Amino acid sequence: MLSRRQILLAPLLLAACGKGAEHRTRPLFAADTHPDEYPTVQALHAIDRLLNERTNGEMRVRVYAGGQMGAEKDTLEITVFGGLDLNRVNLAPLNSIVPESIALALPFIFRSISHARAVFDGSVGRTILNAMRPHGLYGLCYYDSGARSFYNTKRPIRTPDDLRGLKIRVQNSDIYVGMVQALGANPTPIPYGEVYQALVQGVVDGAENNWPSYESSRHYEVARNYSLTRHVMAPEVLVASERSWTRMTPEEQSYLQAAAIDSVPLMRDMWDARVDSSRNRVLKSGVDLVEDLDHAAFAERMLPVWDQFLTTPALRALADDIVNVSADDSEESTHD
Ligand code: GTR
């Protein structure tokens with residue numbers, strides 16, 4: 001029997017395999033793991049609106065939100081194959097596909113949200129997007145993802161030692177596994193959509209994420225200790241399938257690239273508002289927030305993780321370039 005996902009995917013795969021100009025008569029198919037009201041999904045809708053206006057309805061985007069197409073790792077495979085034209089994913093599942101992306105995922109590489117934004121918007125950001133092409137993905141733009149922090153069902157975390165022995169869900173990326181191991185906890189990679197259940201059932205004791213995901217996924221209802229470690233500020237990424245991209249005319253390509261770039265400031269505004277509302281909602285529910293953390297102690301534990309993952313001179317140079325990007329860190333955004 002066909003699974004729900006196979007049934008959902010069938011028209012996409014058929015359309016993707018079609019020949020000739022067919023791709024221009026159908027919308028671009030886009031996936032996102034978040035529910036419709038989440039800022040990343042709203043950014044995809046913004047791209048649809050911009051394309052619709054600018055091409056008189058010739059180019060449109062059909063958004064499959066809420067993880068309908070599967071976990072990010074799987075949707076990336078579908079995107080490389082051409083079954084999805086667009087995919088909004090976190091950087092983490094790209095780490096095993098595009099080595100250059102590792103630099104942006106290093107724990108504590110960014111000093112602040114302003115620093116992270118300056119990197120995403122600058123030449124290092126572009127270099128990493130360009131590095132995706134040989135891997136079947138065309139990097140269109142980055143979206144904000146704020147800062148990720150640890151939360152758990154057991155106890156407040158103030159020092160790395162407080163994490164010792166806890167089972168922590170991580171994203172599908174070896175860096176996250178290495179990071180959690182270096183903190184003395186036990187990493188368990190689980191797809192995002194299954195984490196709530198895993199927390200409820202005690203399969204894991206905790207996870208880590210930004211305020212909007214902690215709230216939207218309802219993890220905060222179960223894991224009531226949130227510690228503001230802010231250990232990773234890796235971005236969200238919007239990729240196109242290289243197969244879909246090369247089938248577009250140069251004109252279509254520039255419409256799509258422009259709409260993606262123009263959606264970034266729109267998303268950033270929605271993101272900042274959502275961070276505030278998510279944080280308020282979560283704190284109002286009585287979550288135990290730890291802010292007085294020893295950040296330096298966490299960062300120090302990450303030095304061997306950097307060594308473990310910066311395996312080539314090129315990657316080291318990218319990490320150095322990131323560190324050297326200047327930004328007004330004093331103007332730290334509270335929207336983390
Ligand atoms: C969120 C991110 C998702 C997904 C999720 C996770 O912050 O927006 O794309 O990566 O985290 O933890 O799996």
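Which residue in β2 does A31 stand opposite? I looked it up in this predicted model, and A31 faces Y64 there.

**Entry 1: the sheet**

From that pair I moved out to the strands around it. I found β1, residues 28–32, paired with β2 in the parallel sense, over 4 bridges. I then followed the whole sheet: it is open, built of 5 strands in the order β2-β1-β3-β10-β4, and its pairing is mixed. I checked the edges next, where β2 (61–64) and β4 (137–143) each have a single partner strand, so one side of each lacks a neighbour in the sheet. From one strand to the next I noted a twist that averages 25 degrees.

**Entry 2: helices on the sheet**

I turned to what lies against these strands. Helix α7, residues 123–130, crosses β4 and β10 (236–241), and I noted that it runs at about 150 degrees to β4. I also looked at helix α12, residues 250–284, which packs on the sheet and touches β1, β3 (86–90), β4 and β10. The direction of α12 makes about 25 degrees with that of β4.

**Entry 3: aromatic rings**

I searched the whole structure for aromatic pairs and got 11. The pair I lingered on is Y138 with W245, which is stacked, with 3.8 Å from centre to centre and 15 degrees between the planes. Why does this pair tie together parts that are 107 residues apart in sequence? Because Y138 lies in strand β4, while W245 belongs to helix α11 (residues 242–247).

Are these two rings' residues buried or exposed? I used the cut-off of under 20% relative accessible area for buried. Y138 comes out at 13%, so it counts as buried. W245 has 5% and therefore counts as buried too.

I also wrote down one aromatic cluster, formed by Y151, W211, Y214, Y220 and Y226.

**Entry 4: arginines over rings**

I went looking for charges over ring faces. R218 lies over the face of Y196, 4.8 Å from the ring centre. R243 lies over the face of F81, and here I noted 5.6 Å from the ring centre.

**Entry 5: helix α6**

How many of the 9 residues of α6 are buried? I found 7, so the helix, residues 113–121, is mostly covered. I listed the buried ones as I113, S114, H115, A116, R117, V119 and F120. Then I asked myself what covers them. The cover includes α5 (102–105), α7, β4, β9 (225–232), α12 and α15 (313–324).

How values were computed: Residues numbered from 1 in each chain as written. Predicted model: local features only at pLDDT ≥ 70, side-chain atom pairs only at ≥ 80, totals over all residues. Heavy atoms only, no water. Pairing = 2+ DSSP bridges. Helix = DSSP H or I, 4+ residues; strand = E, 2+ residues; numbered from the N terminus. Axes fitted to C-alpha atoms, helices over the stretch in contact; angles between N-to-C directions. Contact = heavy atoms within 4.5 Å. Phe/Tyr/Trp six-rings, centres within 6.5 Å; stacked < 30°, edge-to-face > 60°. Buried < 20%, exposed > 50% of the residue type's maximum accessible area, 1.4 Å probe, protein only. Lys NZ or Arg CZ within 6 Å of the ring centre and 35° of its normal.
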